[in-house]
Amino acid sequence: MAGKRCWILLSAAGLLLLDQLSKQWWLQHLQPGVSHRWIPGLLNLRLVWNDGAAFSLFRNGSTWLGWISLLVSVGLLIWIWRRGRLWSRWQASAAAFLLAGSLGNGIDRWRYGAVIDGLELVPFSFPVFNLADVAINLAVLCLVIEAIRQR
């Protein structure tokens with residue numbers, strides 16, 4: 001397997017593992033809706049279930065959002081496989097982040113019928129999120145950096 005392909009898949013697998021382990025920890029140690037201080041003044045832990053998409057859009061859409069997550073993941077795997085070694089550092093990072101994020105939230109939708117969220121920003125009001133969400137946002141950031149770099 002090509003070096004970049006292997007790096008992308010191993011990175012995505014590692015991120016996916018961190019996402020799923022954190023969610024299992026939240027399920028075992030947190031009461032739904034109860035906020036627990038984690039990093040004072042910055043981040044709390046609070047278990048919530050999201051049966052929609054980002055920012056709770058498309059509520060009760062877990063089934064079709066699960067299918068979208070599956071299609072995105074399969075599409076990414078095909079793209080990664082076909083692209084071979086022709087990756088910039090930013091494109092490879094974006095692919096790894098996006099694959100981990102789509103699989104992480106997709107697994108939740110298929111397994112539980114909703115996405116498990118547990119990270120709550122304290123300084124301002126923002127929806128509770130998870131590591132898969134962070135990975136998806138980092139993928140977007142990497143693609144923006146790549147687009148700027150190519151100019």
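The protein chain of this predicted model contains four helices and three strands. Read along the sequence, these elements succeed one another in the pattern α-β-β-α-α-β-α. The chain comprises 151 residues, of which 41% are buried.

The packing of helix H1 against helix H3 was examined next. In general terms, a pair of packed helices is described by the distance between the two axes and the angle between them. Helix H1 spans residues 3-29 and helix H3 spans residues 89-112; their axes come within 8 Å and cross at roughly 35°. The crossing of H1 past H3 is right-handed. The residues of this contact comprise 16 nonpolar, six polar and six charged residues.

Salt bridges were then considered, and a search of the whole structure returned four of them. One of these links the side chains of aspartate 19 and lysine 23, with an N to O distance of 2.9 Å. Aspartate 19 and lysine 23 both belong to helix H1 and are four residues apart, so about one helical turn separates them. Neither side of this pair is exposed, since both aspartate 19 and lysine 23 fall in the buried class, which is defined by a relative accessible area under 20%.

Lysine 23 has a further partner in aspartate 108, and the closest N and O atoms of this salt bridge are 2.6 Å apart. Because aspartate 108 lies in helix H3 whereas lysine 23 lies in helix H1, this salt bridge ties together parts of the chain that are 85 residues apart in sequence. Aspartate 108, like lysine 23, is buried.

A salt bridge is also present in helix H4, which covers residues 131-150. Here arginine 149 pairs with glutamate 146, the closest N and O atoms being 3.0 Å apart. The two residues are three positions apart in helix H4, so arginine 149 and glutamate 146 are separated by about one helical turn. Glutamate 146 has a relative accessible area of 4% and is therefore classed as buried. As for connections between salt bridges, shared partners join Asp19, Lys23 and Asp108 into one network.

On the surface, a nonpolar patch is formed by Leu18, Leu131, Val134, Leu138 and Leu141, which together present about 370 Å² of accessible area. Helix H4 makes the greatest contribution to this patch, supplying four residues. Leucine 141, one of the patch residues, is located in helix H4. Leucine 141 has a relative accessible area of 44%, and this value places it in the partly exposed class, which lies between the limits of 20% and 50%.

Alanine 114 offers a contrasting case with respect to accessibility. This residue is situated in the loop that connects H3 to strand S3 (115-121). Its relative accessibility is 7%, so alanine 114 counts as buried, the cut-off for that class being under 20%. Alanine 114 also takes part in a pairing of residues distant in sequence: 65 residues separate alanine 114 from tryptophan 49 along the chain, yet their C-alpha atoms are 5.9 Å apart in space.

Conventions
Residues are numbered from 1 along each chain as its sequence is written. This is a predicted model: local features need pLDDT of at least 70, side-chain atom pairs count only at pLDDT 80 or more; totals for chains, interfaces and linings use all residues. Side-chain values use heavy atoms; hydrogens and water are left out. Axes are lines fitted to C-alpha atoms, for helices over the stretch in contact, and angles run from 0 to 180 degrees between N-to-C directions. A crossing is left-handed if the near helix is turned anticlockwise from the far one by less than a right angle, and right-handed if clockwise. Ala, Val, Leu, Ile, Met, Phe, Trp, Tyr, Cys and Pro count as nonpolar, Asp, Glu, Lys and Arg as charged, and the others, Gly among them, as polar. Patches are made of residues with over 30% relative accessible area and no salt bridge: like charges are joined within 9 Å, nonpolar side chains (Val, Leu, Ile, Met, Phe, Trp, Tyr) within 5 Å. Accessible areas come from the Shrake-Rupley method with a 1.4 Å probe; for residues, only the protein chains shown count as cover. A salt bridge is a side-chain nitrogen of Lys or Arg within 4 Å of a carboxyl oxygen of Asp or Glu. Buried means under 20% relative accessible area, exposed over 50%, partly exposed in between (1.4 Å probe, protein chains only).
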